[in-house]
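This report goes through one protein model, from its ring pairs to its confidence values. Please look at the sequence and the structure before reading on.

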Amino acid sequence: MTVAAIYLVIAFGLGGLAMVVRLPPLVGFLAAGFVINALDVGEVPQLELLADLGVTLLLFAIGLKLDVRILLRREVWLTTSVHLVISVVVGTTVLWLAAVAGLAMLSGQSLTTIALLAFAMSFSSTVFVVKVLEERGESHALYGRVAIGVLVMQDIVAVVFLTVTSGTLPSPWALMLVLLWPVTRILRRVWSGLGHGEMQSLFGIVMALVPGYALFSALGLKGDLGALIIGVLLASHPASSELSRSLFHIKELLLVGFFVSIGLSGLPDLPSLGVALLMVFLLPLKSVLYLALFALMKLRYRTALLAGLSLMNYSEFGLIVVSVGVTTGLLAPAWLVEMSIAVALSFVASALVNGRGHLMVEKIATRLPEQDEGSLHPEERSGDAGDAEVVVIGMGRVGFAAYQRLTDHYRLGVVGVDYDGPRIRRLADQGLRVIEGDATDLDFWNQLRHSESVRIAVLAMPRHGANVTALACLRESGFSGTVAAVARYDDEVQWARDHGVDIAFNVYAGAGLELADQVGHASPVQGNDTLADDRGTPAVDGVTRPVTEPATHKESP
C-alpha cells in the first residue's frame, strides 16, 4: 500500500507541475514513470491491469462515437495505406543510413531488423490522440473524425500483423463473432431499461470487458479491438453519448496507469537516448507526409495540418511490434527500453506542438498554395449564414434550446452551426435552419464576417476548450458583434468575463432559473410586479438575465 501511495503522490505532483507550465497532465504522468523507475520504489502489480482497463474502455468509448462509414472514405483508408508504406520505406532508409554512419545500437543491425523498427514507428497512438481530441472537444470535428478513422485502420493492420507473427491462426470459433450483431440488438433493449445511473455505467464496463476484451482474446484476437467493435455495434443506441460521458472520468483515471507504465519500461543511457532522439527528429516528416496526403484527398490545409499534427507521435503499439521482434530473435531486449523512450518523447513533442493552438495552424495554412474552393471535400466548403442575425455554435441540447427560444419567443433570424453531419441532417429534417461548419476554424469566422446581418454569436459547445478556440478565431477574424458563451463551472465563467465575452452563462444556473420560472408560472400567486419588471434579475454567477413578459418557456430537449 505504501508503494502505491508513492506512485500516486509522484503522478499527482508531476501531473500538476505539467499543468502549471501549460502542458497536458499526461506529460507529467510519463515523467512520473521514469522518476519512479529511477527511484526504484518497487512494483505495483495492479498497474498493468489498470493500464489495460483504461485502454480497453478508451477503445470502447471510441466505438460508441464512431461512424464506421468514415473508414470507407478515401481520405481515411487510402491515406492510411499509402502513409504506412511510405513511412516504412523512409524510416528504413534513414535508420539504415544512421547504421552505416555507426550510430550506437543501429550499427551492425540487419535490414530486416531496421525495417521492423521502421514499421513500429509508422503507427500513431490511439490513446494519446483521442485524449488530446477529447480535451479540445474536437473528436467530432472533421479533422478529429479523420484522425480517429486513420487510427482505427491502423488498429486493423495491427491485428493482421499480430495474427501473422503469432504463428497461430485465430480459433475457428472466431467466425461465430458475426452473431454479435443480433446479440447486441437484444443488449440494446436491456440497456434501455437500465436508466441513467450506475447500472448504465456498469453495463458499459461489462460490455467492454466481457463480450469485448475477454471474448475476442479467448478466440485468439486482439482484446481491445474487441472492445472497439462492441462499442461500434452499440453506437446506434440513443444513450450512447450519455454512456460515453459517464465512463469518461473512469477511463481518464485508469489511463494515468497507462502513461506511468511507459516510463517503467526502463531508463535511458546515452546511446539509447541518441537513437530515441533520432526517432523523434523523424516525427515532422511523419506529419508532413500526412499533410501532403490529406491535401491530395481534397481536405483544406487547415484540416490536413490539424490531423497531421495530432498524429505526430509514436504508438504504444510500437512496443508490441518490438516485443514481437524480441520474441522472434530479430531484436535485442534493449530495444524495448529504446522504443519506450521514443514513445514517451514523441508524446512530449506532440503535446508541445498541439498545445500551440489553432491560430498557429491558421498562420501556417495561409503560407501554403491557394486551394480551389470548388474542388474541396463537400464538408470543407464554407457555409452561408444568409440574413441571420444570430448564429448559434453547437446544436446540442443547450444550443438547440437557445435556437428555439431565440426564434419562437424573440422572433430573431437564427442559424445553427455544428460539425456533426448526422445531427445537422436530423435537425434540418425538423425544419431548423442549420449549416455544417467548424467554429474552431478561422476561415469559418472570416466567411461569417462577410454576412453583415450577423450581430450575435452564441458559443454553446459542450467543451470549454472548443469555446475558447472559437472565441480566439472569432476575435482574430474581426467580428465585432455581441458574444455569448455557456460554461459549466464558475472558473470558466470568470475566464469568459476576463476575455471580453459579453454574456457568460453557467448552464446549471440557467437550469435553475428556468425551473424557477416554470414554478412561478404554475404558482397561483405569480408575483406579477416582479415578472413585469423588464430591468433584469440580479446576476447569477455574474450573468444578468433580462426578464420579459411571462410567456410560456419551451422546455429544452
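## Aromatic pairs

F259 and F347 are both buried, where buried means under 20% relative accessible area, exposed means over 50% and partly exposed lies in between, with a 1.4 Å probe and protein chains only. The model is a predicted one, in which local features need pLDDT of at least 70, side-chain atom pairs count only at pLDDT 80 or more, and totals for chains, interfaces and linings use all residues. Residues are numbered from 1 along each chain as its sequence is written, and side-chain values use heavy atoms, with hydrogens and water left out.

Seven aromatic pairs are present in the structure. Rings of Phe, Tyr and Trp (its six-membered ring) pair if their centres lie within 6.5 Å; planes under 30 degrees apart count as stacked, over 60 as edge-to-face and the rest as tilted. For F119 and F161 the ring centres are 5.1 Å apart and the planes stand at 45°, so this pair is tilted. F119 belongs to helix α5 (residues 111–121) and F161 to helix α7 (residues 142–166), so the pair ties together parts that are 42 residues apart in sequence. Helices (H or I, at least four residues) and strands (E, at least two) are DSSP runs, numbered from the N terminus. Both F119 and F161 are buried.

The pair of F259 and F347 is edge-to-face, with 6.0 Å from centre to centre and 75° between the planes. This pair links distant parts of the chain, since F259 sits in helix α11 (residues 240–263) and F347 in helix α16 (residues 334–354), 88 residues apart. Ring pairs also join F259 and F347 with F128 and F258 in a cluster.

## Two buried polar residues

R73 is placed in the loop between α3 (46–65) and α4 (74–100). With a relative accessible area of 19%, R73 is buried. Leaving out residues up to four places away in sequence, R73 touches L142, R145, H377 and E379; contact means heavy atoms within 4.5 Å. The C-alpha atoms of R73 and V146 are separated by 9.0 Å, although the two residues are 73 residues apart along the chain.

S201 is found in helix α9 (residues 198–218), and its relative accessibility of 15% makes it buried. The residues that S201 touches, again not counting those up to four places away in sequence, are L243, S246 and L247. The side chains of S201 and S246 are joined by a polar contact of 3.3 Å. A polar contact is a pair of N or O atoms within 3.5 Å; within protein, one must be able to donate a hydrogen and the other to accept it, and residues adjacent in sequence count only if both atoms are side-chain atoms.

## Positive phi angles

Two residues that are not glycines have a positive phi, as the table shows.

| Residue | Phi | Loop | Relative accessible area |
|---|---|---|---|
| D40 | about 55° | between α2 (25–39) and α3 | 66%, exposed |
| K298 | about 70° | between α13 and α14 (301–310) | 38%, partly exposed |

## Pocket and cavities

On a 1 Å grid over the protein atoms alone, a cavity is a set of points where a 1.4 Å probe fits but cannot get out, and a pocket is an open set with protein on both sides within 12 Å along at least five of seven lines; lining residues have an atom within 4 Å of a point. Grid points are joined across faces, edges and corners, and a volume is the space filled by probe spheres set on the points.

The second largest pocket holds about 1100 Å³ of space. Its lining has 39 residues, and E48, A51, D52, F258 and S261 lie nearest the centre. α3 gives the largest share of this lining, seven residues.

Three cavities of 30 Å³ or more are found in the whole structure. The volume of the largest cavity is about 80 Å³. This cavity is lined by 15 residues, with H464, N467, A485, V486 and A496 closest to its centre. Two or more lining residues come from each of α21 (464–477), β5 (482–487), α22 (490–498) and β6 (503–506).

## Confidence

The protein chain has a mean pLDDT of 82, and 89% of its residues reach 70 or more; pLDDT is the predictor's confidence in each residue, from 0 to 100. Among the elements, helix α13 (residues 283–296) has the highest mean pLDDT (94) and helix α24 (residues 528–532) the lowest (45). The pLDDT is below 50 over residues 527–557, a stretch that has 55 contacts in the model beyond near neighbours in sequence.
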